[in-house]
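Here is a friendly walk through a few features of the model shown below. Keep the sequence and the 3D view side by side as you read.

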Amino acid sequence: MAQIIIKNLRKDFGNFTAVQSSSFTIEDGEFFMLLGPSGCGKTTTLRMIAGLELPTSGEVFINGEEVSQKRAAQRDIAFVFQMFALYPHLNVRQNISYPLKSQGMPKAEIKSKVAEVAAILGIEDILNKSVGGLSGGDRQRVALGRAIVREPAAFLMDEPLGALDAEFREHMSQELRTLHDQMGATTVYVTHDQLEAMKMGDKIVVMNHGSVEQFGIPQEIYDWPASLFVADFIGSPSMNFLKFHGTVSPGDTNVLLGGQLFDVPAQLQGASGNLVFGVRPEHVSLNPNSRFRAKVIATEYLGTTQIVTAETASGVLKARVPANQIVNVGEAVGLDFDPRTITLFDETTGGALLSKANRKVLDHG
Amino acid sequence: MSGFSVTEPSKRQKWISGLLVITYALVTLMPLLWIIATGFKSPSDSIAYPPKIVFQPTLEGYVNLFTTQTRITPNMKDTLPAPNNWYEQIVRDKNMVIAGPSRYGQRFLNSIIIGFGSTFLSIFLGTLAAYAFSRFKVPIKDDLLFFILSTRMMPPIAVAIPIFLMYRQLGLSDTYLGMILLYTAVNLSLSVWLLKGFIDEIPLEYEEAALIDGYTRFQAFYKVVLPQAATGIASTAIFCLIFAWNEYAFAVLLTSGEAQTAPPFIPTIIGVGGQDWPAVAAGTTIFLLPVMIFTIFLRKHLLRGITFGAVRK
């Protein structure tokens, strides 16, 4: 239905820059996640795509047409608000038909459209109810109904599950994803929940302090984070950062950490000074023969796995190991890292150092 | 039955609280009931001492209120044809005949036109201004709002003389337009501030949803914001109407003929045919009705208006 291109988009509120020079492309039919902590500019970006906020500079293309200064009504998009924003003085049917009325669609046609949408969402039985008495999930469905009924070029959703309780979020997120797959419409979805973003999105943009930190498919972002921020923000528990002081030269395949040489993917970029050795908890294993020693300070049992927190000479680290492995608090253990998955960061710039392993992911972004 | 749990009050407690409420209501309603009762007394009953609680009700006060009368001699009375209806009969019994309608009806109509006219204008302008203050970036917004509020910091009558002179110059004295403008000017600060509070409470998302659904800013305003502000508009309207309806000082000062409202007219009844208290009371009773009806009509909104914000999630 629509491809959305964001070019050098910027938004200033007085002296405060909410979004600085964002650029990314949302392909037709994609389920696209804008992810970041609160205040990172993701909602402002979405509102600029919708036309609820006019950018200070930059361009927004929807289906090849530059719309950044156009009114929201002229952009052929639908918006789902976190608080749903169902018109409280109208009932469910009137809420869903509201966007069609503004187009001047004949009554009979509106009626059949609303019926069609209600059937898709399974809300035929509440069409004549007032929106005040609906449960959170039903409100969400009505809000979706109001968005779907127009068959817009794109759906923009601002934390649509944020107001639901945890149990129901799970269910609605599946419902939403299924709905998207049925309709195939481009969807831009704002969330601060990295799990939700990973689970639902085809692609993710990670934002921080108003700028895009990384842009790509969930797996690439998880495996090969472009910055310390992304590595920390994505994943639970997040990536371990072992700080060390040293020099890395292009071509290096190992680094010295706590007196132990560790293999890393072949480096393509040199750096020196304060560096960070990044490794995901699931790529840490306990190996009694390793000379990299640590003291276990806590264990958390999670069913099939457990999280072991251990103190090393380079800082505290978490390892995800099988639940049946016996680990006792206070015990001294040796640690090993899966060399293929290591990312090195420059602590001063916060950026990841290019290696043969992450080159493919980071070069285009 | 712990001291902390909310329990159903006992029969005796209900009795006592009921008695208290009724006593309080009687005390506060006493003047009102007295006025209503006086309206149905004969002039002699109305000034009887000790005051009469039980009396023969008569509509004489109402007839006197709405008519002007002339005294006739008993001889003349005999030559006249029999009275056509009950009110002519009442007048004839006092050896009087009806000379024509009094000016009360006209004055009452003036009150209706000026009271409701200024209320409508206050609400119309107030809603638009409040919406702009609530939603748009208005330069020096805070100063403007303070300026609007500051017009309420002195009693309006403090500016009576300048207004009197201005109105005479402009030819606005004793006109509907002049009185409507004056009451609107006084009420506008109240309506802007009250309505801004109500509109601030309406989440922005509703309008944004409407904008995205294809409506213009103005359509979003009247199709989405207005219905939700109805509560606030209703309660603000009641406050505006009560002020404009009851205003006495400016009405005395600025109106005397064409545009005179009921409040300055009612006391003039006293001077006409001696102290005709039943007619004054009748005029007051009728004068109370429109605001009462208006308030009862909007009562549901008013109650919600007062608790607005307190009970909203």
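## Ground rules

Helices here are DSSP runs of H or I with at least four residues, strands are runs of E with at least two, and both are numbered from the N terminus. With that in hand, Pro50(B) can be placed in the loop between α2 (43-46) and α3 (60-66) of chain B.

This is a predicted model, in which local features need pLDDT of at least 70 and side-chain atom pairs count only at pLDDT 80 or more, while totals for chains, interfaces and linings use all residues. Residues are numbered from 1 along each chain as its sequence is written, and chains are lettered from A and ligands numbered from 1 in the order in which they are written.

## Two cis peptide bonds

Pro50(B) deserves a look for its backbone: the peptide bond leading to it from Tyr49(B) is cis, with omega near -5 degrees.

Chain A has a cis peptide bond between Ser236(A) and Pro237(A), where omega is about -5 degrees. Pro237(A) sits in the loop between α8 (228-233) and β11 (240-248) of chain A.

## Positive phi outside glycine

Ala85(A) is not a glycine, yet its phi is positive, near 50 degrees. You will find Ala85(A) in the loop between β6 (77-80) and α2 (92-102) of chain A. Ala85(A) counts as buried because it has 24 C-beta neighbours inside 10 Å. (Buried means 20 or more other C-beta atoms within 10 Å of the residue's own, exposed means 12 or fewer, and partly exposed is in between, with C-beta atoms placed from the backbone.)

In chain B, Asn95(B) also has a positive phi, near 65 degrees. Asn95(B) belongs to the loop between α5 (86-93) and β2 (96-101) of chain B, and with 13 other C-beta atoms within 10 Å it is partly exposed.

## A six-stranded sheet in chain A

Chain A holds an open sheet of six strands in the order β6-β7-β8-β3-β9-β10, with mixed pairing; two strands pair if DSSP finds at least two bridges between them. The edges are β6 and β10 (211-216) of chain A, each with a single partner strand, so one side of each has no neighbour in the sheet. On average, neighbouring strands of this sheet are turned by 15 degrees against each other, direction ignored.

At one edge, β6(A) pairs with β7 (residues 154-158) of chain A in the parallel sense, over four bridges. Within this part of the sheet, Val80(A) stands opposite Met157(A) in β7(A).

## Helix packing in chain B

Which angle do α6 and α11 of chain B make where they pack? The angle between α6 (residues 104-135) and α11 (residues 217-246) is about 140 degrees, and their axes are 9 Å apart. Axes are lines fitted to C-alpha atoms, for helices over the stretch in contact, and angles run from 0 to 180 degrees between N-to-C directions. The two helices, α6(B) and α11(B), are therefore oblique to each other. (Under 35 degrees counts as roughly parallel, over 145 as roughly antiparallel, 65 to 115 as roughly perpendicular and the rest as oblique.)

Among the residues that meet are Gly115(B), Ser122(B) and Gly126(B) from α6(B), and Ala237(B), Cys240(B) and Ala244(B) from α11(B); contact means C-beta atoms, placed from the backbone, within 7 Å. The residues of this contact divide into twelve nonpolar, eight polar and no charged. (Ala, Val, Leu, Ile, Met, Phe, Trp, Tyr, Cys and Pro count as nonpolar, Asp, Glu, Lys and Arg as charged, and the others, Gly among them, as polar.)

Note on methods
Two residues are in contact if their C-beta atoms, placed from the backbone, lie within 7 Å.
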